[in-house]
Structures are given as C-alpha cells and as structure tokens.
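Me: Got a structure open here and I'd like to go through it bit by bit. Can you help me make sense of some spots?

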Amino acid sequence: MSISPEREQRVLDSVPTGLLINGHWRPAASARIFDVEDPSTGKVLMSVADATAEDGMAALNAAADAQESWAAVPPRDRGEILRRAFELVTERTEDFALLMTLEMGKPLAEARGEVTYAAEFLRWFSEEAVRAFGRYSIAPDGKSRLLVQKKPVGPCLLITPWNFPLAMATRKIAPAVAAGCTMILKPAKLTPLTSMLFAAVMQEAGLPAGVLNVISSSSAGATTGPLIRDPRLRKLSFTGSTEIGRQLLSAASGTVLRTSMELGGNAPFIVFDDADLDAAVDGAMKAKLRNMGEACTAANRFIVHEAVADEFARRFASKMSGMTIARGTEDGSTVGPLIDVKSRDKVHSLVTDAVAAGAEAIIGGSPVDGPGYFYSPTILTGVAEGSRILAEEIFGPVAPIVTFSTEADAVRLANNSEYGLVAYVFTTDLSRGLRMGEKLETGMLGLNAGVISNAAAPFGGVKQSGLGREGGLEGIEEYLYTQYIGIADPTNDS
C-alpha cells in the first residue's frame, strides 16, 4: 500500500529544522534557511536552518567545552546511551525509513534495510565502549614498567554524504560516543532531515548537551573551513568524493589534523567461467541496483569471462527488466530516482559516451520521462577498454560489461583504477577466490556475495578510496589515541 500524504507530513513535522548547538535547537545566526527537495518529484519537502561560519564556531565551542566532562563519563554509561539509541531507532524504523525515502528517494524496502544496518552500529559500539583496552607490562630490560592506555582524540568534525543519511551518521557518531569524543556533525545539504531526527533521538537517549552538535548548511566549505583550521578540533571524518577528500586532506595538514576518509569507489565485479550464474546474477542485482547504484560500494565494472559473458548478460537483463521504477513510497517500487538532475545527467553522459565508442545498451540507456530524476536500469555490452564509464564512478543503475579470458587478465582489468574500495568475485573454486583476494588491490572483497557491509566488519579502502576504517574492532580506534607512560621499577626500593 502506498504511503498517504498525511503520513508523510506527520513524519516531516517530527523533524527539528534548526541547528543543534549545546543541547538546544535554534535558528542560524543569519536566520537563513535552505530547501530540501523530494528527488522523485522535485518538490520542496521543507526548509531547514542554513548554518554560517559563526554557527559552526558556536558548535565547536560547545564541543570543546563539553569534551573534558564527556571523556570522564564511565565507558559503561556511554555504552548504555548507545544501547538506548539503538532501541529508539529500531522502534521508529518506519519513521526513519519514510523520511529517508522522501529526502533521498530510495524505495521503502531498502530504507527499512538501512535503518536495520544503521542501528547495528549503535548496538555494536555500545558493546565496544567498554573494550578500549590498554596494557601493562615489564620492560624488556626489567628496569621499568610500560603502561599503555587509550584516550579519546577530542572534538571531531563528522561530514556525511547524502546517499545513506542514517547509516553514515551512526557509523561515525556511535564510535565517537563510545570513545568519549564530542562531535560536530555536518550532514549533506541534499539529505539533512534524517540526521536531524537522529540527533533528536540521541538527545532522547540521554546524550548530554554539547556532545553532539548538528550544523546543516548549504555551503559546507564556508561553514566547516574555519573549524578545520581551529587547533581545538582534533579529528575529521569524511565520507564523500575523492575530489573533496583531497581538498579536506590538504586543509587538514595545516594543523596536522587526524583524518579518516571514506572516498570514492570503482568496484570490479568479476565473474569466472565456473561461477554459479544464478548466484552471480543475484549478487549483481544487489551490488549494482542497491540504492539505485548510488553507493561507493556499487559494482561499477562487470568483468565477465568470455565463455559466459553472453549468458550472464542475458540473465542479468532479464532480472533488470522486472524492476519497477517508481517513487519510493509507492507500493512495489524497486528503483527510485537519482538524487538530482545533475547526477542523472552525469549518468546519461557516461552511457552516451560508451555507446558512441561502440557499446550496446541491451536494456535501458535513457532517462525516464516525467517528474523526478529517474534513470532506466541499463546494461551495456561491448564496452571499449578505456571508456569513461570504466574509469569514473557511475553512481547510477548502469552496468557496463567487459570480457576477459585469463585470471591474470581479470586481475589487470580490476586493478586498473585509482580506486580500491571493494571488489566482488564469483567462482566455485575457493582457492581461486582466496588467490584473487591476495591479488586484488582493494580494502574489501565480496566472495560469491553482492553485499558485504556489516557493522562488525572494518569498512574502508586503499589507494584513492580513503584512509582508516569504520565499523568492526577497528572503528573505535579511529577516535582514540595511544598514550604511553613509563613507570620506574616498583620492585627497586633502593
């Protein structure tokens, strides 16, 4: 059943529209606002406060002032706040899912899945809060004792993208809370509403004033630039494009600011001739069409053995043709809109460029007429090596297929990218799968699996896909620093 306009409005009415600074929701200092649109219609959903540099500095002041007292809160207490937040988010699954569908466009079924995934970071790090272990040991020469402890880095600036509004917020906020860090969250201007509702839930869960501050802004650079230059800020965590990541890394060098960067991807999806093709197609649907392809983990290049390429493409096209393109709130929707017209136009330019170079669109290949920013699920065969579509992150429901003949050729094609976030390999030969894991230049690998994201696993890439890891045992380490204390030998009483 489709969602009624009244239900949509009730959820929108529950979202704070101001800036969260030191525990209070307030307008921007300039009183400016900006609009948030529904990408399936192009219509304005609501308007929110548009933070300035002055507001950003007020948020940093609040975070810096709260840091000492928050770091002194027992780890168990910090964990209990996260656990309550997990329960509250889970209870409000339908509200969060609908809100994400409205402002980002993904179908409701996918949005519900994101709520589950996002909540798991709250539960995982509620348990990790009490496990930031140090160590005590005797020095090798026996003349002193070595005490190593983990301490919170300090105030953090967290910049999240528009494509997973809840999961990208919890993946950063939860470990920061667990570690004892205060935060300024800058959500994407295209999808700030989910972050605002989540911040209100964190308040309800008992997070003290000043620990989490939220500054929505139409100009990220103007608002966050002064914060990055301020020596009180100790950590920057960014998820977004490699281009912007490079700029932030350059800015962060001024104060040698600790950084985590989860940047672009260009994931190869490799299908060997011994693969279970039904499993490979199922994995391809998940890896390509999840979030309409608007994910850094999306399969970007399909590298298929020449012996099975035609059959794989035929089965893949058959599955794609069964997808329903519609507003995410509509019953049966499986493919929502792209985030804006600029994104849709970029996807189409990549497709037309590939076709001009000799590729064939066996399904799709064009935008969808009507309101909103929809693009037809597309499969391209005969894609020429060197095409833009194989080098650039597509961020849309388009699957370009190239073929290979040998394992070495597959490795060469897969590694021919500045990115190295995730790869997917389908083969029934376990030895080959493990061998590919050793040869592929990637931070993550899906072996006979099209979705591998998990709160208990370290998420991150190599090369120009980023620095650091989010989730897993490694996730909290990004918000801790190591302090060593040398202690005189307590057994020497001379």
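Me: Is Asn22 buried, partly exposed or exposed?
Reply: This is a predicted model, so bear that in mind. Asn22 has 39% relative accessibility, so it counts as partly exposed.

Me: Where does Asn22 lie?
Reply: Asn22 is in the loop between β1 (19-21) and β2 (24-26). Its phi is near 55°, a positive value in a residue other than glycine.

Me: Which residue in the loop between α13 and β16 also deserves a look?
Reply: Try Phe395, which is in the loop between α13 (388-391) and β16. Phe395 is not a glycine, and it has a positive phi of about 55°.

Me: And the hairpin of β3 and β4, which residue takes a positive phi there?
Reply: That's Gly42, with a positive phi near 80°. The hairpin has 6 residues between the strands.

Me: How do β3 and β4 pair?
Reply: Strand β3 (residues 33-37) and strand β4 (residues 44-49) are antiparallel, with 5 bridges. Phe34 stands opposite Val48 in β4.

Me: Which residues of β3 are on the covered face, and which on the uncovered one?
Reply: Phe34 and Val36 make up the covered face of β3, while Ile33, Asp35 and Glu37 are on the uncovered one. That fits the general pattern: in a regular strand the side chains alternate between the two faces of the sheet.

Me: Switching to the sheet with 7 strands. What's the order?
Reply: The order is β14-β15-β16-β13-β12-β18-β19, in an open sheet with mixed pairing. β14 (360-363) and β19 (444-447) stand at the edges; each has a single partner strand, so one side of each is left without a neighbour in the sheet. On average, neighbouring strands of this sheet are turned by 25° against each other, direction ignored.

Me: Do β15 and β16 run parallel or antiparallel?
Reply: Parallel, with 3 bridges joining strand β15 (residues 378-381) to strand β16 (residues 398-404). Ile379 in this pairing stands opposite Ala399 in β16.

Me: Which helix lies across β12, β13, β14, β15 and β16?
Reply: Helix α11 (residues 309-320) does, running at about 165° to β15.

Me: OK, Pro268. Buried or exposed?
Reply: Buried, because its relative accessible area is 6% and the cut-off for buried is under 20%. Pro268 is in strand β12 (residues 267-271).

Me: What does Pro268 touch?
Reply: Leaving out residues up to four places away in sequence, Pro268 touches Arg301, Ile303, Ala414, Val422, Ala423 and Tyr424.

Me: How many Å separate the C-alpha atoms of Pro268 and Met183?
Reply: 35 Å, and the two residues are 85 residues apart along the chain.

Me: What about Asp409, buried or exposed?
Reply: Asp409 counts as buried, at 18% relative accessibility. Since the cut-off is under 20%, that value falls on the buried side.

Me: Where is Asp409, and what is it in contact with?
Reply: Asp409 is in helix α14 (residues 407-415). Neighbours within four places in sequence aside, Asp409 is in contact with Thr403 and Phe404.

Me: There's also a sheet of 3 strands. What's the order there?
Reply: It's an open sheet, β5-β6-β22, with antiparallel pairing. The edge strands are β5 (135-138) and β22 (480-488), each pairing on one side only. Neighbouring strands here are turned by 20° against each other on average, direction ignored.

Me: How many bridges between β5 and β6?
Reply: β5 and strand β6 (residues 144-152) pair over 4 bridges. Ile138 has Arg145 in β6 as its bridge partner.

Me: Last topic, pockets. How much space lies in the second largest pocket?
Reply: About 300 Å³. The second largest pocket is lined by 15 residues, and the closest to its centre are Glu110, Lys286, Arg290, Asn291 and Val451.

Me: How do the lining residues divide into nonpolar, polar and charged?
Reply: The lining of the second largest pocket has 6 nonpolar, 4 polar and 5 charged residues.

Me: Which element gives the most to that lining?
Reply: α5 does, with 4 residues. Both α5 (108-128) and α10 (277-289) supply at least two residues of the lining.

Conventions
Residues are numbered from 1 along each chain as its sequence is written. This is a predicted model: local features need pLDDT of at least 70, side-chain atom pairs count only at pLDDT 80 or more; totals for chains, interfaces and linings use all residues. Side-chain values use heavy atoms; hydrogens and water are left out. On a 1 Å grid over the protein atoms alone, a cavity is a set of points where a 1.4 Å probe fits but cannot get out, and a pocket is an open set with protein on both sides within 12 Å along at least five of seven lines; lining residues have an atom within 4 Å of a point. Grid points are joined across faces, edges and corners, and a volume is the space filled by probe spheres set on the points. Ala, Val, Leu, Ile, Met, Phe, Trp, Tyr, Cys and Pro count as nonpolar, Asp, Glu, Lys and Arg as charged, and the others, Gly among them, as polar. Buried means under 20% relative accessible area, exposed over 50%, partly exposed in between (1.4 Å probe, protein chains only). Contact means heavy atoms within 4.5 Å. Two strands pair if DSSP finds at least two bridges between them. Axes are lines fitted to C-alpha atoms, for helices over the stretch in contact, and angles run from 0 to 180 degrees between N-to-C directions.
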